[in-house]
Amino acid sequence: MRKTFIAGNWKMNLTQSGATELAAGLVAKLADNTTVEVAICPSFGFLSGVAEQLASSHISLGAQNLYPAECGAYTGELNAEMLLDLGCEYVILGHSERRHLPELDESNEFINLKIKSAIATGLKPILCVGELLEEREAGRTTTVVEQQLTNSLADITAEQIELITIAYEPVWAIGTGKVATPEQAEEVHGSIRAWLRDRFNDLVADTTRIQYGGSVKPENARELLGQPNIDGALVGGAALSTDSFAGIIENA
Ligand code: PEP
């Protein structure tokens, strides 16, 4: 049985006080929740303030990125050890904004280095994959997603993948208000699970959690999360309000 996993990606939003207030609000609102695993992923600068709020709660802390190197001359970057030291359990890697913003343009090969670096320290990656609208319209969704999985997870073993959550995030549905239908999402989730079975084994396929991300809200969460291969959600915009994020978790 895969425990439902809802993660909130706060992206580059909020202020230090807004982030700690939101974290405190979630801790209070979700105090009774033990059935759904929850993580929140603030900006780097707010990690320690949010960690303090989460200290005695069931909510985990995650970061939105890391740089895959040991300490040294990497101005402006944070590595996996630093994130662990700040209290992170999870790290989002390969988010479509990092893959597709032209100034960032992250490749699967770079994401693979980040995945290896996270795993080597015990940090749990949430690996994002997903197709652009033109790729979906050209009937290339499965090919694109499988290519992202193959290259981002190159050399990863069946033991190592235990730490990884996969987030299927169709790029056309992120922050746009356009949500994939439960059938569209389930079809891709099923193909990701089949890929896991083929590349690893039955155990990996049956236990790896696959989140859906793309305009998830309290109103659509129940139907999406009711699909057999959707094990949780990666939430952006709706994670910035206590009521809507808690509403998603209540409906999960
Ligand atoms: C995201 O940032 O990963 C995301 C899914 O955003 P939103 O929920 O706003 O579409």
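These questions and answers walk through a predicted model, from a central strand to its cavity and pockets.

Reader: Is strand 2 largely enclosed or open, and how many of its residues are buried?
Author: Strand 2 covers residues 37-41. E37, A39 and C41 point one way, V38 and I40 the other, and all are buried. The strand is therefore largely enclosed by the rest of the structure, and the buried count is 5 of the 5 residues.

Reader: In which sense do strand 1 and strand 2 pair, and over how many bridges?
Author: Strand 1 takes in residues 5-9. G8 stands opposite I40 of strand 2. The chain gets from strand 1 to strand 2 through helix 1, residues 16-29, in a right-handed β-α-β crossover. The pairing is parallel, over 5 bridges.

Reader: Which residue in strand 3 is the bridge partner of A39?
Author: Strand 3 spans residues 59-63 and runs parallel to strand 2, with 3 bridges joining the two. Helix 2, residues 47-54, belongs with these strands to a right-handed β-α-β unit. The bridge partner of A39 in strand 3 is S60.

Reader: Is Q64 buried or exposed, and what is its relative accessible area?
Author: Q64 sits in the loop between strand 3 and helix 3, residues 80-85. Buried means under 20% relative accessible area. Q64 falls in that class, so it counts as buried, at 19%.

Reader: Which backbone oxygens does the side chain of Q64 reach?
Author: One contact goes to C41, a buried residue of strand 2. Its distance is 2.9 Å. The other spans 3.1 Å. The side chain of Q64 thus has two named partners: the backbone oxygen of C41 and that of K11.

Reader: How much space lies in the largest pocket?
Author: Its lining has 6 nonpolar, 6 polar and 3 charged residues. The largest pocket holds about 390 Å³. Of its 15 lining residues, those closest to the centre are K11, M12, Q64, E97 and R98. The volume asked for is about 390 Å³.

Reader: How many charged residues line the second largest pocket?
Author: This pocket has about 230 Å³ of space. It is lined by 15 residues, and E162, I164, T207, T208 and R209 are the closest to its centre. By class, the lining has 7 nonpolar and 3 polar residues, and the charged ones number 5.

Reader: Which helix and which strand each supply at least two residues of the lining of the largest cavity?
Author: The model has 1 cavity of 30 Å³ or more. The largest cavity has about 30 Å³ of space. Its lining is G94, S96, R99, C128, V129, G130, E169 and V171. The elements asked for are helix 4 (96-100) and strand 5 (124-129).

Reader: How does the lining of the largest cavity divide by class?
Author: E169 and R99 are among the lining residues. So are V129 and S96. The division is 3 nonpolar, 3 polar and 2 charged.

Reader: Is P125 buried or exposed, and at what relative accessibility?
Author: P125 is found in strand 5. From P125 to A185 is 60 residues in sequence and 21 Å in space, C-alpha to C-alpha. Under 20% counts as buried. P125 is therefore buried, with a relative accessibility of 0%.

Notes: Residues are numbered from 1 along each chain as its sequence is written. This is a predicted model: local features need pLDDT of at least 70, side-chain atom pairs count only at pLDDT 80 or more; totals for chains, interfaces and linings use all residues. Side-chain values use heavy atoms; hydrogens and water are left out. Buried means under 20% relative accessible area, exposed over 50%, partly exposed in between (1.4 Å probe, protein chains only). Helices (H or I, at least four residues) and strands (E, at least two) are DSSP runs, numbered from the N terminus. Two strands pair if DSSP finds at least two bridges between them. A crossover is right-handed if, with the strands pointing away from the viewer, the path from the first strand over the helix to the second runs clockwise. On a 1 Å grid over the protein atoms alone, a cavity is a set of points where a 1.4 Å probe fits but cannot get out, and a pocket is an open set with protein on both sides within 12 Å along at least five of seven lines; lining residues have an atom within 4 Å of a point. Grid points are joined across faces, edges and corners, and a volume is the space filled by probe spheres set on the points. Ala, Val, Leu, Ile, Met, Phe, Trp, Tyr, Cys and Pro count as nonpolar, Asp, Glu, Lys and Arg as charged, and the others, Gly among them, as polar. A polar contact is a pair of N or O atoms within 3.5 Å; within protein, one must be able to donate a hydrogen and the other to accept it, and residues adjacent in sequence count only if both atoms are side-chain atoms.
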